[in-house]
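Thanks, everyone, for making the time this morning. I would like to walk through one model, moving from a single helix out to the contact between chains, and then to a sheet.

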Amino acid sequence: MASAALTDRRPTDSNMADRKWIARGEERTSLSRFLLGLSPWVVVLALGIYAAGLCLYYGLNQTNMDNRFAFGLWIFLDLGIIALGAGAFFTGFLVYILKRAELRPILNTAVVVGFICYSGAVAILMIDVGQPLRAWFTFWHPNTHSMLTEVTFCISCYLLVLCLEYIPILLRNRQLRKLPSFLVFEHQLHKLVPVLAGVGTLLSFFHQGSLGGLYGVLRGRPFAFRAGIFIWPSTFFLFILSAIASGPSFLMLITATVEKVTRRRLVPPELFRRLGFISGVLLAIYVAAKSIDTLIWLNITSPSVGFAPWQYYIHKPFGTPILFAEIVLFGLLPAFLLTYRRTATRRGWLLSAAALACAGILLNRFVLTVQTLAVPTLAFDEFLQYTPSWQEVASFAGVIAYGVIVYSLSYRYLPLFAPPKGESTHVSGD
Amino acid sequence: MFPGIDGFHWTVAHVVFLSLFFAVVLTIIATVVSAVWRTTHDFRTHQAIELCWKADFAELPESDRRCRHELAGRVISRTCDNAFDCRHCEKYSQFAVLPATGLGASLGLNFSDDRLYHRGHTWVKPAEDGTVTIGLDELADHLIGNPDSINMPEIGAELEINQTAWRMKKNGSEIQVRAPLEGTIIGIGGPKEGWYLKIRPRLDPRDPKTLRHLLRGPEVRGWLSRELERLQLQVRAPNTPPTLADGGVLMRGLMDAMPDADWNTVLADTFLEI
């Protein structure tokens, strides 16, 4: 992150105005160094906006997607960041609903990460849909039988919830809080955040599931098609499980990265172990469920629609090693490392395991998006290669740059890791 | 979306899905409306000012939130949990009867026994006629020296306790001085008399409870000695460890004498700014 290194204790005159926006007692790098660190990301973001503009102005012919490859890099990005952003709703759920107060120090950063992930995903979806001016059609004329409708509704509502959760953090900025109306509104909204956390949990639960479900119902794509319970294919549940397993790991990685860059201890080490344990246990459950699901799919579901399991894995690079990597290397191994006491107490192992867990979820989303569409399903079909156009790559990079910029600005000017309100006040020695 | 809109059907899927959706949307809207309504209510019932101060107080470092009884040496350690509002502190009378065992050494700063002190470095001097005078204490005065500009409120304006009483500018830094008491301004002292405000307190100053939240006697000494200690650490030369003082008194116009110090932090700590 650009909020880089520890600073000179004495700010120069040019930093005075900037310092007024930084929370008292917080040390941040000088404004010039901060802006210098951000500048490459601003360039990437500008390129991303230009590429997105081309796609919106000229249409989706700017991409390498077509009728067969209707899902590409953008959908992979959407699924990936929405899964990784699940830390926001899951942490809110643990803190406000299950009353796990020990996770409070990471709550603000979870909200900001969630906000970045979901707003980035919605931005990319707007480009991908290609007709942003008609985006309201999906709300006004909803197809209630479509998983995508549920996804659209839930993601839109949840982004609204995340905005409302982000506002109290934003209003705690040193200058904004000087406006009494802002401070009082922040106070009142903060009191209602548990309601928002509950709504967010409901929405996230359904849209994470529906994102998985929309693959599971693709009868014409047997690589993704799954049996399930009632109207929900197994991928519905696997997506929820994998998202809540990887969310805490992603939060750990983000926090550790910020700690490394700023050379400061931002949260207690026990919190990392707690997040790691939660992530590890959920990942173990996910791996078990995924393994059972894979066995059922390979032996029952797929043969029933006329596909032998080996047919999916004869096309390079989508061989069986990917399946092995997904379940063992990026699933079982990190689950073990995150929960085994000896490795979980060592920061290096813990963070490596968290990185593996996140990589596993990204690989899962990549495979479900790309391999599903690449594998031929009809006799006259061929294995299809897809390489994203530069406009797709630039938009993708633009979203990443957007995330880095928003997080860096939030870290610099907002109390992301400050003790929660009221908790720093205590009485001792009476 | 609604009955009558193209695509809507009276089917279970439509009714259940859309009902759930509208329930969620209504919950979100109700949450925002509730927050706005409560905010308006807080302003209407004058609770907003108190909320703002409590929010600011909660953000102060623990070292700034020490109880007055700790400063006077009546208790070993106690963090104030009542936003410095000793008027309504249940523990006040329990500790106030204990003997003070604070410092006796001279601090090199003048503070008078007929004045009461607020943690935001203002003094309060009650007069016989039921009015009080408010001014900047000597430590703050020595820090700032002569301000570049000063923005005093107008006569007749209302002061709220712990909110901004007046603003000053010095070397590009804006300083907001917190009001030690609530009341109506009835007089303003200019540069020749030393900047001060004369106010008629909203509550009766003859009632001991009205001025109870202000520091006095040994509490002032304990508080100022800690403030001086903090200041000494904050204005030390860059990249040097804290050192013991070797005597001397605080000079006037420290901001001019040490322009390179981190005045942003020093002023925030001195005037209880967040």
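Let me begin with helix H3 of chain A, residues 73-84, where a length check is possible: at 1.5 Å a residue its twelve residues should span 16 Å, and because the end C-alpha atoms are indeed 16 Å apart, the expectation and the model agree. I should say at once that this is a predicted model, so please hear everything that follows with that in mind.

How many of the twelve residues of H3(A) are buried? Eleven of them are, so to speak, under cover, and the helix is mostly covered; the buried set includes A:Leu73, A:Trp74 and A:Ile75 towards one end and A:Ile82, A:Ala83 and A:Leu84 towards the other, with A:Asp78 and A:Gly80 also among them. As for what they pack against, the partners are all helices of chain A, namely H4 (86-97), H5 (107-129), H8 (180-216), H9 (234-262), H13 (347-374) and H14 (390-413).

Turning to the nonpolar core, the largest one holds 174 residues, and those that touch the most other members are A:Val111, A:Val112, A:Cys157, A:Val161 and A:Ala357. Domain 1 (1-45) and domain 2 (59-270) of chain B both contribute residues to this core, so it lies between them. The C-alpha centres of those two domains of chain B are 50 Å apart.

A:Cys157 is a convenient bridge to the next topic, since, leaving aside neighbours within four places in sequence, its contacts are A:Leu203 together with B:Val24, B:Val25 and B:Ile28.

That brings us to the contact between the chains, to which chain B gives 44 residues and chain A gives 42. On the side of chain B that touches chain A, helices H1 (12-44), H2 (48-59) and H8 (263-270) of chain B each supply at least two residues, and H1(B) gives the most, with 16. By residue class, that side of chain B divides into 23 nonpolar, eleven polar and ten charged residues.

Finally, the sheet in chain B: six strands form an open, antiparallel sheet in the order S1-S2-S3-S9-S8-S5. Which strands lie at the edges? They are S1 (116-118) and S5 (158-159) of chain B, each of which pairs on one side only. S1(B) is joined by three bridges to the antiparallel strand S2 of chain B, residues 122-126, and within this stretch B:Leu116 stands opposite B:Val124 in S2(B).

I am happy to take questions.

Methods. Residues numbered from 1 in each chain as written. Chains lettered and ligands numbered in written order. Predicted model: local features only at pLDDT ≥ 70, side-chain atom pairs only at ≥ 80, totals over all residues. Contact = placed C-beta atoms within 7 Å. Helix = DSSP H or I, 4+ residues; strand = E, 2+ residues; numbered from the N terminus. Nonpolar A, V, L, I, M, F, W, Y, C, P; charged D, E, K, R; others polar. Domains from an automatic or database assignment. Pairing = 2+ DSSP bridges. Core = buried A, V, L, I, M, F, W, Y, C linked by C-beta atoms within 7 Å. Buried ≥ 20, exposed ≤ 12 C-beta atoms within 10 Å, placed from the backbone. Expected span 1.5 Å × (residues − 1).
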